[in-house]
Amino acid sequence: MYAHGYDFKLHNWSNRLLHGGNAMNDQIYTSTKPEHVESHIAEANSWFRRCNRGLLTCVGFIVFFLASAPALAVVAVAPTLGAAEQFGALGNSEVTGSTLPGTVVNGNVGSAPTVPTITNFPPSTVPAPFVLYTAADPVTAQAHTDAATAYGFLAGQGLGTPLGNTLDNLTLTPGLYSSGAADLGASTTLTLNDPSPGKTGIFVFNVASSLIMNVGSVVTGTANPCNVYWRVGSFATLNGNSFMGTVIADTSITVGGGNVSGRVLAGAVTATGIVTMSTGGNTIGGCSAPVLPPTLGKAFSPATINAGGVSTLTITLSNPDAAIATLSAALTDTLPSGVVIAPAPAAATTCGGGGAVTAIAGAGTVALSSGSTIPAAGSCTVTVNVTAATGGSYINTLPAGALATSNGNNAAAAIATLTVVSPVLPPTLGKTFSPATINAGGVSTLTITLSNPDAAIATLSAALTDTLPSGVVIAPAPAAATTCGGGGAVTAIAGAGTVALSSGSTIPAAGSCTVTVNVTAATGGSYINTLPAGALATSNGNNAAAAIATLTVVSPVLPPTLGKTFSPATINAGGVSTLTITLSNPDAAIATLSAALTDTLPSGVVIAPAPAAATTCGGGGAVTAIAGAGTVALSSGSTIPAAGSCTVTVNVTAATGGSYINTLPAGALATSNGNNAAAAIATLTVVSPVLPPTLGKAFSPATINAGGVSTLTITLSNPDAAIATLSAALTDTLPSGVVIAPAPAAATTCGGGAVTAIAGAGTVALSSGSTIPAAGSCTVTVNVTAATGGSYINTLPAGALATSNGNNAAAAIATLTVPAIAITTLTTQASSGVTLGGAISDIATLSGGIAPTGTITFNLYGPNDTLCAGAAIFTSPVAVSGNGNYSSAPFTPVAIGTYRWVANYGGDSNNLPTANGCNALNESVNVTAVLPSAATGIPTLSEWAMIMLAMLLAIVGFAAMRRQAR
């Protein structure tokens, strides 16, 4: 029994001498805790008592005690994750959620740097305030860069304490650990305990290849999951019941078991990193704090100025988040009407990122450029001088969402008020007839405008009465109204010659209001209408100048007509047709609409989602057409040209089939030239739709060397419920310089189809009569090649795919890139580990080149240069002649440790250079000390062991002397 124990302890001690010889110089961590030391002291006392039995027993004790001394763990350092810290799941090509319900990712989800593929969200969910990035975004791009940096940082810490490939039932404390291919067996436990009071200990696991957590396995313990980091050299499969830590994998990560307390960051180096969540009901995350959005504030200083004075507007941009906030769009502040940039703007900003302020003297806006930055947990300002010519209270608002940054947008508006005071300014009067020319018996709207330039409300101290010119009277439909306050009332009786605004009416401060009334004249003439100076008596004084307007009346008058059409007159359900209403004016005078022209659509027909409402009618005519509404209207005041016509157009749609009759009745068009006498009618026919097919195409790979082969895949998709049959052959003409490869391997998954693709030809065709499955798709594949470099754009135009369900509406485009110079690849394999005195070497395999020449240089870095940052201790250049294997000269190390090879191909005129990096896979060689042979050597002890052996021998001698004395 004791001999077995001796062998076990000696084996462990020899391993510690070989792999941890420098541990005495490292920090001592939890393995030297009191409970560990006490157990070794108790064991030592037991062996001291056994020393009386003989020298061999004492020697066994010494070996056992030294071998069981606690290991000294290497301290690990946490990486900086940057933008990746906010992500629960991050890929660099794809993130696939679970198809089963219940999977929740408590962190951002996205993929970069390629255009991402995000699927199964939902049923998988990303709760607010975290973000699901379904498209390429600067945030995901930065997160991928930061994850790759963290991956390299973890790798640079070295191997630490080797654990072997099996993690079953280990209990570990904070430190740096390594494994070749880490595996946690089924229904086993890896315990990570952090004895520190604040749970601040860092765990770093550098796994050279794969990380596999088998079904039923558990990673648990008292460690903070957010302080555990797994750098995985290839893929990670997490099928256990629970897992803790941030996994940064070179390739892909699959979450197939229970909850993951941490993050899964895939594709740190390889461009095909995919995160896959294969089961439902689990939770990923817990270490990603949400990004805090920025806030806005603003102030005028001074807040009150005289008219024409200057105030400094300060806009404060605050960023409560720990990350710098970068403006993704310009921040533009539109000043209130009446406030403009001062003649001396003095525009400036304290924001970073090269932010520039645009503020032009006399303009009404100030803008901070996109790309400007707000410091982390800080703020910056934009300042500009502004002025106002007239008194008033000016409210300046930057709405919620005006500040768009990489950390989100401001949730609340920023509001500041500038008060401008000035001496009392008297009111003014203005008046117009619209239209200014009408036919005899026609109608014109008289508008009297009461303007108050003062900062105080102006109250009428007497009624304002306008006496119309002789021959002009109030129209049969007066439509008299006012926008003036104070309960102002307008008196205008049909057929009368006056219109009056009541005393007590008010004109808003620094504003205006109007009195409007329809007037008419039975005979032609030029009618001058005057409101004299002093006619407007108010609390702010009277008008100093008269208001004059002229109404011209001509006769006779030809009334307008209406027409309407739908184009196309027949559409599929859900399709779009353009409704055109034509307003024709046969008269020699312009016809002005005296009321809005409103067309009420038939029940079931509505304005399309993209209304594209427009008019060619003059007079500033505006079309009101709201998506989903049932009416379209042309505003009153619009004009129809003399002896001409104009149109109103709007897109309409109907969700269900039917025949829809649209009518504008007689009299609907009311103008200064009279009304339409006949109705306008049009019919829209709606039929059930057939969904046309679509085309897609791709080259794989998208980049090849000249003479290489890429597979062109053309995808034919049919969204309709009926099979789509090709009514003509689908022919794809390859770009000039691209031809069918010598081995075309042409094939199709389309029904009944045949592919024609002749080696060396420039076209590939799918035969007429081929079918695309209902609500499905099929493909045509063929190998292509190009002899010379270039970027070849291959296009199948809209309409190229002609089927029984219609033709493709959009072109299908793909680009094949053929570099003018070959892309070479260097694969390396260092020699196996040796004992001191043995020789080591490196082998590099060069591939992908075009008759490569030049040199491969092998550089060797010593054990102390873990980052290969110093000078190489050995360099071996090897001439290159073609693709193939090349070996370095051998090198015999003189010291133990880990040596690192770095190979570099310098390239030539036809081939790009390439190299592997420091600490590349298979490029490290361990050189160990020579262990003495059991037959020829005598084991030696360290200095500490010799001291302890001497002390024990002294104790034995002392005990012997005492026995002799007795």
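Trainee: Let me start with a single pair: which residue in E44 is the bridge partner of Thr491?

Mentor: Thr491 has Ala500 as its bridge partner in E44. Keep in mind that this is a predicted model. As a general idea, strands of a sheet pair through backbone hydrogen bonds, in either a parallel or an antiparallel sense. Here, E43 and strand E44 (residues 498-501) pair over 2 bridges in the antiparallel sense.

Trainee: What is the strand order of the open sheet with E44 in it?

Mentor: The order is E40-E44-E43, an open sheet of 3 strands with antiparallel pairing. Strand E40 (464-467) and strand E43 (490-491) are the edge strands, each pairing on one side only.

Trainee: Let's try E29 next. How many bridges join it to strand E25, and how many to strand E28?

Mentor: Strand E25 (residues 331-334) pairs with strand E29 (residues 365-368) over 4 bridges, in the antiparallel sense. In that pairing, Asp333 stands opposite Val366 of E29. Strand E28 (residues 357-358) is also antiparallel to E29, over 2 bridges, and Thr358 stands opposite Ala367.

Trainee: Which residue takes a positive phi in the hairpin of E28 and E29?

Mentor: That is Gly362, with a phi near 90 degrees; the hairpin has 6 residues between its strands.

Trainee: Now the surface. Why does Ile896 count as partly exposed?

Mentor: Partly exposed lies between the cut-offs of 20% and 50% relative accessible area. Ile896 counts as partly exposed because its relative accessibility is 41%. Ile896 sits in the loop between strand E85 (884-887) and strand E86 (897-905). Together with Leu836 and Val930, Ile896 forms a nonpolar surface patch of about 240 Å² accessible area.

Technical notes. Residues are numbered from 1 along each chain as its sequence is written. This is a predicted model: local features need pLDDT of at least 70, side-chain atom pairs count only at pLDDT 80 or more; totals for chains, interfaces and linings use all residues. Side-chain values use heavy atoms; hydrogens and water are left out. Two strands pair if DSSP finds at least two bridges between them. Patches are made of residues with over 30% relative accessible area and no salt bridge: like charges are joined within 9 Å, nonpolar side chains (Val, Leu, Ile, Met, Phe, Trp, Tyr) within 5 Å. Accessible areas come from the Shrake-Rupley method with a 1.4 Å probe; for residues, only the protein chains shown count as cover. A salt bridge is a side-chain nitrogen of Lys or Arg within 4 Å of a carboxyl oxygen of Asp or Glu. Buried means under 20% relative accessible area, exposed over 50%, partly exposed in between (1.4 Å probe, protein chains only).
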